[in-house]
Amino acid sequence: MSDRETVLELVKRLPPNVSLREIVREIEFIAAVKEGLEEIDQGLGVSIESVE
């Protein structure tokens, strides 16, 4: 799913009275998760053993 499609789906799920700031927070959260998953796919993540 493209970033545009992800944002459109997010907006559809939000309540009608949501503020722009809340929308921005949701988009930033989704962007951070996607970036983290991409880093893991590239082998750039930290193992659980290293964290422990």
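A residue counts as exposed when its relative accessible area is over 50%, as buried when under 20%, and as partly exposed in between. Keep those cut-offs at hand for this tour of a predicted model.

**Stop 1: the loop.** Select N17, which sits in the loop between α1 and α2. Its relative accessibility is 67%, so N17 is classed as exposed.

**Stop 2: across to I40.** Add I40 to the selection and draw a C-alpha to C-alpha distance from N17: the two are 35 Å apart in space and 23 residues apart in sequence.

**Stop 3: the nonpolar patch.** Keep I40 and select F29, V33 and L37 with it; these four make up a nonpolar patch on the surface. Together they have about 410 Å² of accessible area. Now pick L37 alone, a residue of helix α2. L37 has a relative accessible area of 48%, so it falls in the partly exposed class.

**Stop 4: the largest pocket.** Clear the selection and take D3, T6, V7, L10, I27, I30, A31, K34, E35 and E38, the residues that line the largest pocket. The space in this pocket comes to about 150 Å³. Colour the lining by class: 5 residues are nonpolar, 4 are charged and 1 is polar.

**Stop 5: the helices behind the lining.** Show α1 (3–13) and α2 (20–41) as ribbons; each supplies at least two residues of the lining of the largest pocket. Which helix gives the most to that lining? It is α2, with 6 residues.

Conventions. Residues numbered from 1 in each chain as written. Predicted model: local features only at pLDDT ≥ 70, side-chain atom pairs only at ≥ 80, totals over all residues. Heavy atoms only, no water. 1 Å grid on protein atoms, 1.4 Å probe; cavity = no way out; pocket = protein on both sides within 12 Å on 5 of 7 lines; lining within 4 Å. Points joined across faces, edges and corners; volume = space filled by probe spheres on them. Helix = DSSP H or I, 4+ residues; strand = E, 2+ residues; numbered from the N terminus. Nonpolar A, V, L, I, M, F, W, Y, C, P; charged D, E, K, R; others polar. Patch = residues over 30% accessible without salt bridge, like charges linked within 9 Å, V, L, I, M, F, W, Y side chains within 5 Å. Areas by Shrake-Rupley, 256 points an atom, 1.4 Å probe, with all protein chains shown as cover. Salt bridge = Lys/Arg side-chain N within 4 Å of Asp/Glu carboxyl O. Buried < 20%, exposed > 50% of the residue type's maximum accessible area, 1.4 Å probe, protein only.
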